[in-house]
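The exercises below are meant to be worked with the sequence and the coordinates open side by side. Each task is followed by a solution that proceeds step by step.

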Amino acid sequence: MLFLGIAVPFSGCKKDSKPEDSFIKIYDDQNGNKHVHPLGMTASESNDGYIVVSAYDGWRIQVMKIDNTGEFVWNYELPSNYVNAVPDLVKMNGQNYLVCMDAVGLFTYVLKIDEAAHTTTEVSSFSNVLYPTAAYNSGQTIYIQNYDRLSYKTGIHRLSGDLSSIEQSGSVNIFTDVEEQIVNHVTYIGNRIPFFVSSTPEQDYIVMNGFYNYSFSLIFLNPDLSFAGVYNGAGFNGGLSALSPLGASRFALARFSYDNLYYNPGTTLNPTAIDIAESIPAQGHSELAAEKPVLIRDISISGTQYKVYLSSTRSNQLLISVYDPATGELVGKKYLGKNSPITACDLIQTEDEGLSILVQVKIMGNLDRIGLIKLSKAEAEAIVD
Amino acid sequence: MMPTKTLLFIFVLAIGQLLQAQDYHVFRQKKMYVGLTGGINFGGAQVVKDYHVLVNTPQSSATGQEKKYASIGQNKGSQFGLYFSYSFTRKLSFVFEPSFQTTSFNYATAYSWSDTVNSSDFNIEMMHRQKLSGVNLPLLARYDFTASQFSPYVQGGIFMSFGHHARKTIFYDNTIDDEVDKETADQTGEADLTRHMNRANVGLSAGAGFTWFANYFAISLESNFRYGFRSMVNDRNRYADYTGFSVQYLDAMDQLKLFNLDIQLSIMFPIDNSVSLGILRKSRY
């Protein structure tokens, strides 16, 4: 009895999270020449796992499904005519879609991810939309951003509800040669360019990160996709890395200037201004790698909404920074990773109130593979505690 | 090597004394002994559930990623501690042997990737060595088959153990041949594994041995097998990567139950209020 009395206190105590809610998984591929670049992830149709889209062999596309515990379910390597998936997976009516490009014609496809058949099916193709660079679901409408190499414009296109046609298009001029940057971006040579499309909560402006005039800029568009304003980048060496709207013209953003990265979790931008991005006040973070993706997400932790930044450090770790969206105050941060290089690719909140972080992991010093880091609800709460 | 020689010496000494002194029986009833104990042990692990960092896909190597656990004879440790016993009757006693114990268990993993462009495949084979130390508290019922000066016995009971410290080292080479030579292989530094392990364990212990009683002391040589009921890897910290090995060496520990076979030597002294400590009596029969 004495022994049992001593043993009971050590037999574990109940906590909110189960052990299987926290894990690191790396998805193997025996091909030592294969380098995989995870792009984006989203919950599967039936919420029984996640869909991960990745690029490999440059611009080829792979779709993978994993379950909620990170175990592999299936994967599918798309035929070679489908290339250059944009990082943003689009969910509509419970179905997941990806936007990609034709390898020869450089035009845009919308593909539905068919989880039952473990494949993709073509929904539509847009022969006039060359070089797709980003996609976005505003909750009401799907947008596709592209670079039109024939007219030298950054285009944006609003799709119809069934994704079969373009309802409205807009564009802005580019007065400098960006072909090399675009080609390097889609073929994964050198650094990727942080293209994105977003919208204000009031739906009064569409905002996109793309080439405009002579620089890589943050462009505001009216609901009819006409030009409204711009925060010009410093050529190709400065501009926005990520942006998340807060409402009432306030935004959480990350911007880069050469190899430095700056955060501002709550700033006011004028959508009709003609300004420069480097004038936006922001706090520098010299430990962060500016050339790697920065993600800003709305995450609920213990019932409180936060703006969560995920970025990669120069020493190949991940840094999660949690900000109070009302005050812009940093309420917690957490580093992830040791010894092996990992790069942030995507971040979503899971149904169990944990965080799933899609990463590129370099194993054995050379092999770029898909990785998934899952933080449990308790681990997420510990960041802000 | 030294413990083996010492044990052999004691064994020969005990047998010699046994042959000379069979005409004494041991006065043991209601007698308490205290003493010292020490010896070697061999650890082992039983996998309850396996875990991996690297997840197999259809594009994985055909060779599996299962961990191969070393046999019990390859996982050495040692223990030393105190010995307490109280004899209720001439043959039945309770034994309490608190000891500080180090034990180990090892497993091997191997991975390969083919590089068809450069014709330089990459292979790595790793031997993961875990060393655990802590306090072991066995409480045993002992039955002696005789009351003579040389007394074989069996014992069994429960034990509790409390982990104090755990360490891990990985030895690795680039040839997959089911062997990693620790003398020539590269190795990591020794990492602290403590937070990856559960601290407390409880289980059953059973063993056998023999005691040789002299007039003022007794010497025992015994072997015990212990099986712990608790799963010993901390599920909540499995992927916390306190060692820094998780991603770099693709290591996630399986859930395990640990067992242990020890061989130990004890020297005991009788505790008695009487003037004479002598415990031997001339046999009447």
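**Exercise 1. Find the bridge partner of A:Y263 in β23(A), and place the two strands in their sheet.**

Step 1. In this predicted model, the residue of β23(A) that is bridged to A:Y263 is A:Q283.

Step 2. The pairing behind this partnership joins strand β21 (residues 260–268) of chain A to β23(A) through 2 bridges, and the two strands run antiparallel.

Step 3. Both belong to an open sheet of 4 strands in chain A, with the order β19-β20-β21-β23 and antiparallel pairing. At its edges are β19 (238–247) and β23 (283–284) of chain A, each of which pairs on one side only.

**Exercise 2. Determine which residues stand opposite A:I26 in β30(A) and in β3(B), and describe the sheet that results.**

Step 1. Within chain A, A:I26 has A:G371 of β30(A) as its bridge partner; here β1(A) and strand β30 (residues 367–375) of chain A run antiparallel and are joined by 5 bridges.

Step 2. Across the chain boundary, A:I26 stands opposite B:L54 in β3(B), and β1(A) is joined to strand β3 (residues 54–55) of chain B by 2 bridges, this time in a parallel arrangement.

Step 3. Putting the pairings in sequence gives an open sheet of 5 strands, β28(A)-β29(A)-β30(A)-β1(A)-β3(B), whose pairing is mixed. Because β28 (342–349) of chain A and β3 of chain B each have a single partner strand, they stand at the edges, and one side of each is left without a neighbour in the sheet.

**Exercise 3. Describe the side of chain A that touches chain B by its elements and by its residue classes.**

Step 1. The contact draws on 28 residues from chain A and 33 residues from chain B.

Step 2. On the side of chain A, at least two residues each come from α1 (2–7), β1 (23–27), β5 (72–77) and β29 (355–363), with β1(A) giving the largest share, 5 residues.

Step 3. Sorted by class, the residues on this side of chain A comprise 14 nonpolar, 9 polar and 5 charged.

**Exercise 4. Decide where in chain A the coordinates call for caution, using pLDDT.**

Step 1. Averaged over chain A, pLDDT is 93, and 96% of the residues score at least 70.

Step 2. Over residues 1–14 of chain A, however, pLDDT stays under 50, and the model has 10 contacts beyond four places in sequence for this stretch.

Step 3. Where pLDDT is low, predicted coordinates should not be read in detail.

Technical notes
Residues numbered from 1 in each chain as written. Chains lettered and ligands numbered in written order. Predicted model: local features only at pLDDT ≥ 70, side-chain atom pairs only at ≥ 80, totals over all residues. Contact = placed C-beta atoms within 7 Å. Nonpolar A, V, L, I, M, F, W, Y, C, P; charged D, E, K, R; others polar. Pairing = 2+ DSSP bridges. pLDDT = per-residue confidence, 0-100.
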